[in-house]
Amino acid sequence: MEQNSFWQTERGKSLIKLGLWLIFILAIIIFTYTNKNDETVNNENKEIEEKETYEFKKYDEMIDSLLNSNYEFNYDIVIDDNNYLFNGTKCNNEVLGYKESNMGIVKYYISDNTYQVILKDLVPIENLYENIDTNYLDLNILFNNLNEYLYNIEKNEDTRVITYKKEGYQVEVTTNLDNVTNINIVVDNNTYNLSYNVVDTCNIGVVSE
């Protein structure tokens, strides 16, 4: 009886209230910790799911798109230890670009013919691609030659690499989810590293003959 009467005292009631508060606070801590762990797991699962949902456009469609699109380009070509750099824009079947080599820098324009741009004048030029095999730069010819060959595919999140091992040379095509971005060709001791950036609109300026 004495023990029961203790809990009826002010001190006993206070201890009961304190105990209830401690239980309540402990429950909140456990609930918060559990929710946090669940949220972390859900976020991790979401990240894994996002990584697994990368969807690439069909490779054939990417090739057709590159052949028929306007694009900016950068070519880094090494022939017999000689380096040639090309950069410019292909726009509506016209090309305006720059070539850099140990002979200097040439601004050029290609439409129905190939010209060197000197100030505002167009001067026909025949040696723009001297020592370079243009079959590797002509995408129609390149992909037609590769069409009959099998290739390997490697994917890394939003990047895809297609590798051809054609007799005589090796070709490695890199894409993002939507477009071909790079073509690397190794033949003998020569390399053609070709980069592309497809653009929706372009304007190479007015060039008059």
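This is a short tour of three residues to select in the viewer: K99, N92 and D188.

Before you click, note that this is a predicted model, where local features need pLDDT of at least 70, side-chain atom pairs count only at pLDDT 80 or more, and totals for chains, interfaces and linings use all residues. Numbering runs from 1 along each chain as its sequence is written, and side-chain values use heavy atoms, with hydrogens and water left out.

**Stop one: K99.** Select residues 94–101 to bring up strand β3, which holds K99; strands here are DSSP runs of E, at least two residues, numbered from the N terminus. K99 is buried (under 20% relative accessible area, 1.4 Å probe, protein chains only). Lys counts as positive and Glu as negative, yet K99 has no salt bridge (a side-chain nitrogen of Lys or Arg within 4 Å of a carboxyl oxygen of Asp or Glu). The nearest side chain of opposite charge, E130, is 6.1 Å away. Now show L128: the K99 side chain reaches its backbone oxygen at 2.7 Å. Leaving aside neighbours within four places in sequence, the contacts of K99 (heavy atoms within 4.5 Å) include Y84, F86, Y108 and N127.

**Stop two: N92.** Move to the loop between β2 (82–91) and β3. N92 is not a glycine, but has a positive phi of about 50°. For context, most residues other than glycine have a negative phi. N92 counts as exposed because its relative accessibility is 56%, and the cut-off is over 50%.

**Stop three: D188.** Select the loop between β10 (180–187) and β11 (190–199) to find D188. Here too phi is positive, near 55°, and D188 is exposed, with a relative accessible area of 67%.

Key: Helix = DSSP H or I, 4+ residues; strand = E, 2+ residues; numbered from the N terminus. Polar contact = N/O pair within 3.5 Å; in protein donor to acceptor, adjacent residues only side chain to side chain.
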